[in-house]
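Biologist: I should like to go through the terms applied to this model and hear, for each one, the reasoning behind it. Where shall we begin?

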Amino acid sequence: MASLIISDTHFGLDSSTLKNPKKVEQLMQEILEYHGDCDEVILLGDIFDLWRVRPEAAMSDSISFLKTLSGMDIPVRYVVGNHDHHLVVQKQDAELMERAARGDFEPVYIPTLRWHRRFAGIDVDMLYPTYRARCRRKTFLFTHGHHLDGIQTFTLQMVEALRRLSGIEPLPSDEEMMMTYAYESIYRSACIGEVVSFENSLWKASSLILRLNPSLYSHQQRSISVERQYGEIERFIRERELGKIDCFIYGDTHRTGIYQRRGGPLAVNTGCFIRDHDDTSHLETPDTYLLLDDGDLTIRQLGRKTPLYLCELL
């Protein structure tokens, strides 16, 4: 029995692999062949791409995948990312209305959220920003990974810098508030087709430039390896006072990998489940997934017989 961990399916985009029912069937056949039955599925964020398409389109593309999970009759846990962050905002708004109904109007910051949603008839355990689990006397932390990027928009970086100059050290709650401001703005733009078309044109143009001059790409977030993010992973654990973490599993960058420093957690990036269909792709290993059982941690690529990574959990 094993846990299946998948990140960054980006349902709604043309490049989303698992929108194709045949690819979903292929994935399930591979899991059965190599590892037998699964007893848990963990989705590590950016499952729906609510930044580029309307929610109806993103969720429609996920039907085959979600119905397959429903047929497996096993727990499904969904750790929300940045492209599907609006699901967190919906939860926060619902809690605000509940408190308002009770006459409680005090502002509340909840560092971790856990709630339940139904998608295509399947009950899903929703979590944000992390999911913590124990296996073989080890502690695993699952998160999407967008917090490792920090605050990247110029306006919000200025706010962060001004707070530091005034002697106020930004807290995780401040970072979350500023991220929500940025993410909701992008989410709202997905309802305006002209804005999305313009953003896509900019993205394709920048991708073409990077293809013509790959040296520029070394400085982009999507190229960052697990090793280069390791310091941010340790900072994330330390600032949130998460205690001892043996294995840190995340997605976000679309680049799979494994890395560990002496005395630190094993860091694992699950990769992504998208495959660009043009010549501007920078994905080294698309369509990857992680299987975690009692003794091993295995990263596989869809359609490839041998694992990309195999790590024994000592």
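Modeller: Let us begin with contacts: two residues are in contact when heavy atoms lie within 4.5 Å. In this predicted model, residues 24 or more positions apart account for 66% of the contacts with a separation of 6 or more. The chain has eight helices and 13 strands, and buried residues make up 50% of its 314 residues.

Biologist: Why is Asp246 called buried?

Modeller: Buried means under 20% relative accessible area. Asp246 has a relative accessible area of 19%, so the residue counts as buried. Asp246 is found in the loop between helix H8 (226-239) and strand S8 (247-250).

Biologist: Which residues are in contact with Asp246, leaving aside its neighbours within four places in sequence?

Modeller: They are Arg134, Arg137, Lys138, Thr139, Pro265 and Leu266. As for Thr139, its backbone nitrogen lies 2.8 Å from a polar atom of the side chain of Asp246.

Biologist: What makes Phe48 and Tyr78 an aromatic pair, and why is the pair called tilted?

Modeller: A pair requires ring centres within 6.5 Å, and the centres of Phe48 and Tyr78 are 6.1 Å apart. Planes under 30 degrees apart count as stacked and over 60 as edge-to-face; the angle here is 40°, so the pair is tilted. Phe48 lies in the loop between strand S2 (38-43) and helix H2 (55-61) and Tyr78 in strand S3 (residues 76-79), so the pair ties together parts that are 30 residues apart in sequence. Phe48 is buried, with a relative accessible area of 1%, and Tyr78 is buried at 2%.

Biologist: Why, then, is the pair of Phe273 and Tyr289 called stacked?

Modeller: Their planes make an angle of 15°, which is under 30 degrees, so the term is stacked. The centre-to-centre distance is 6.2 Å. Phe273 lies in the loop between strand S10 (266-269) and strand S11 (288-292), while Tyr289 is in strand S11, so this pair ties together parts that are 16 residues apart in sequence. Phe273 is buried, with a relative accessible area of 0%, and Tyr289 is buried at 0%.

Biologist: How do you know that Glu40 and Arg77 meet in a salt bridge?

Modeller: The cut-off is 4 Å between a side-chain nitrogen of Lys or Arg and a carboxyl oxygen of Asp or Glu. The N to O distance for Glu40 and Arg77 is 2.5 Å, so the pair qualifies. Glu40 lies in strand S2 and Arg77 in strand S3, so the pair ties together parts that are 37 residues apart in sequence. Glu40 is buried, and so is Arg77. By this rule the count comes to 13 salt bridges.

Biologist: Are Arg118 and Asp123 buried or exposed?

Modeller: Arg118 is exposed, and so is Asp123. Their side chains meet in a salt bridge at 2.8 Å, N to O.

Biologist: What makes Arg275 partly exposed?

Modeller: Its relative accessibility is 34%, whereas buried means under 20% and exposed over 50%, so Arg275 counts as partly exposed. Arg275 forms a salt bridge with Asp287, the closest N and O atoms being 3.0 Å apart. At 2% relative accessibility, Asp287 counts as buried.

Biologist: Which residues do salt bridges that share partners join into one network?

Modeller: The network consists of Glu40, Arg77, Arg114 and Asp125.

Methods. Residues are numbered from 1 along each chain as its sequence is written. This is a predicted model: local features need pLDDT of at least 70, side-chain atom pairs count only at pLDDT 80 or more; totals for chains, interfaces and linings use all residues. Side-chain values use heavy atoms; hydrogens and water are left out. Helices (H or I, at least four residues) and strands (E, at least two) are DSSP runs, numbered from the N terminus. Buried means under 20% relative accessible area, exposed over 50%, partly exposed in between (1.4 Å probe, protein chains only). A polar contact is a pair of N or O atoms within 3.5 Å; within protein, one must be able to donate a hydrogen and the other to accept it, and residues adjacent in sequence count only if both atoms are side-chain atoms. Rings of Phe, Tyr and Trp (its six-membered ring) pair if their centres lie within 6.5 Å; planes under 30 degrees apart count as stacked, over 60 as edge-to-face and the rest as tilted.
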